[in-house]
Amino acid sequence: MAYAYLFKYIIIGDTGVGKSCLLLQFTDKRFQPVHDLTIGVEFGARMITIDGKQIKLQIWDTAGQESFRSITRSYYRGAAGALLVYDITRRDTFNHLTTWLEDARQHSNSNMVIMLIGNKSDLESRREVKKEEGEAFAREHGLIFMETSAKTASNVEEAFINTAKEIYEKIQEGVFDINNEKRLKNGRKLSCCYTTTTDASISALRTQVKDRGLWRRSIYAVARNQRQLNGT
């Protein structure tokens, strides 16, 4: 299906905050209560419509473990939007937001739209982080903010689409050039929203992942995502 724009998203945050569940709920409209830890990066996509224009969202779900941080950083390149996720029932995931935000801003486009998400809002009885704290953090750092539940789908659609609307507005204002393209060696055009897996990323992952079985799973995940990206 033809589309006017392609927006690349990256989902970041600590392990276990529900990043993969948010992606699955948005792309497949389902919740998977038991989910394997993300190895390296996972990939999803969905078409949406803004202002009568078809927009493809290409969404990269990243591993939250420190051991995968180097390969995660390579996926910031070309990202138009980021979803920074914490778990409202785990104070430590909120405390780590500053580190994630610093990392995102260091390795991404300065105009990237960042949506702060307090996930698992369905677990109100176990809440450790007040909604007002999330709102205050977002105001302080110039972020958009929402609380969501990947389980009930509350605000999941809105989080992804509102991020896209912010990106679209920046394009209309001329502060975000989403049509900047470069040509690959094989002659294909590469949108600014695409990313490629670099040898340096693979090398960094090999150094950090000592377990041989986990290494094979990591490389498989990266290769699979690249095939999906290239449409092969």
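This briefing covers the nonpolar cores, strand pairing, helix H4, salt bridges and selected loop residues of the structure above. The model is predicted. Its largest nonpolar core has 31 residues, and another core, of 24 residues, lies apart from it. A search of the whole structure finds 8 salt bridges, one of which joins strand S2 to helix H6.

**Nonpolar cores**

- In soluble globular proteins, nonpolar side chains tend to be buried together.
- The largest nonpolar core is made of 31 residues, and Phe7, Tyr9 and Leu57 have the most contacts inside it.
- Two or more residues of this core come from each of strand S1 (5-13), helix H1 (19-28), S2, strand S3 (53-62), S4, S5 and H6.
- Helix H6 gives the largest share of this core, 8 residues.
- Another core, of 24 residues, lies apart from the largest one and includes Ile10, Phe43, Trp60 and Ala104.

**Strand pairing**

- Strands S5 and S6 pair in the parallel sense, over 4 bridges.
- Within this part of the structure, Leu116 stands opposite Phe145 in S6.
- From S5 the chain passes through H5 to S6, a β-α-β crossover that is right-handed.

**Helix H4**

- In helix H4 (residues 97-107), the residues Leu97, Trp100, Leu101, Asp103 and Ala104 are buried.
- These buried residues are on the same side of H4, because they cover an arc of only 160° around the axis.
- Glu102 and Gln106 are exposed, and they are carried by the face of H4 turned away from its buried side.
- Ala104, one of the buried residues of H4, is also among the residues of the 24-residue core.

**Salt bridges**

- Side chains of opposite charge can pair when their charged atoms come close.
- Arg46 and Glu157 meet through their side chains in a salt bridge, at 2.5 Å from N to O.
- This pair links distant parts of the chain, with Arg46 in strand S2 (residues 41-50) and Glu157 in helix H6, 111 residues apart.
- Glu157 counts as partly exposed, because its relative accessibility is 24%.
- Lys29 joins Arg46 and Glu157 in a network of salt bridges.
- Arg30 forms a salt bridge with Asp28, and their closest N and O atoms are 3.5 Å apart.
- Arg30 is partly exposed, with a relative accessible area of 40%, and Asp28 is also partly exposed, at 41%.
- Glu124 and Arg127 form a salt bridge through their side chains, at 3.0 Å from N to O.
- Glu124 has a relative accessible area of 46% and is therefore partly exposed.
- Arg127 is partly exposed as well, with a relative accessible area of 22%.

**Loop residues with positive phi**

- Most residues other than glycine have a negative phi.
- Lys120, a residue other than glycine, has a positive phi near 75°.
- Lys120 sits in the loop between strand S5 (113-119) and helix H5 (131-141), and its relative accessible area of 23% makes it partly exposed.
- Ala153 also has a positive phi, near 75°, and is a residue other than glycine.
- Ala153 belongs to the loop between S6 and H6, where it is partly exposed, with a relative accessible area of 32%.

**Other loop positions**

- Ser149 lies in the loop between strand S6 (144-147) and helix H6 (156-173).
- Ser149 counts as buried, because its relative accessibility is 0%.
- Leaving aside residues up to four places away in sequence, Ser149 touches Asn119, Lys120, Ser121, Asp122, Ser154 and Val156.
- Lys120, one of these contacts of Ser149, is the residue in the loop between S5 and H5 with a positive phi.
- Gly78 is in the loop between helix H2 (69-74) and strand S4 (81-87).
- Gly78 has a relative accessible area of 25% and is therefore partly exposed.
- The C-alpha atoms of Gly78 and Phe7 are separated by 9.0 Å, although the two residues are 71 residues apart along the chain.
- Phe7 is one of the residues with the most contacts inside the largest nonpolar core.

How values were computed. Residues are numbered from 1 along each chain as its sequence is written. This is a predicted model: local features need pLDDT of at least 70, side-chain atom pairs count only at pLDDT 80 or more; totals for chains, interfaces and linings use all residues. Side-chain values use heavy atoms; hydrogens and water are left out. Buried means under 20% relative accessible area, exposed over 50%, partly exposed in between (1.4 Å probe, protein chains only). Contact means heavy atoms within 4.5 Å. A salt bridge is a side-chain nitrogen of Lys or Arg within 4 Å of a carboxyl oxygen of Asp or Glu. The arc is that of the directions from the helix axis to the C-beta atoms. A nonpolar core is a set of buried Ala, Val, Leu, Ile, Met, Phe, Trp, Tyr and Cys residues joined through side-chain atoms within 4.5 Å. Two strands pair if DSSP finds at least two bridges between them. A crossover is right-handed if, with the strands pointing away from the viewer, the path from the first strand over the helix to the second runs clockwise.
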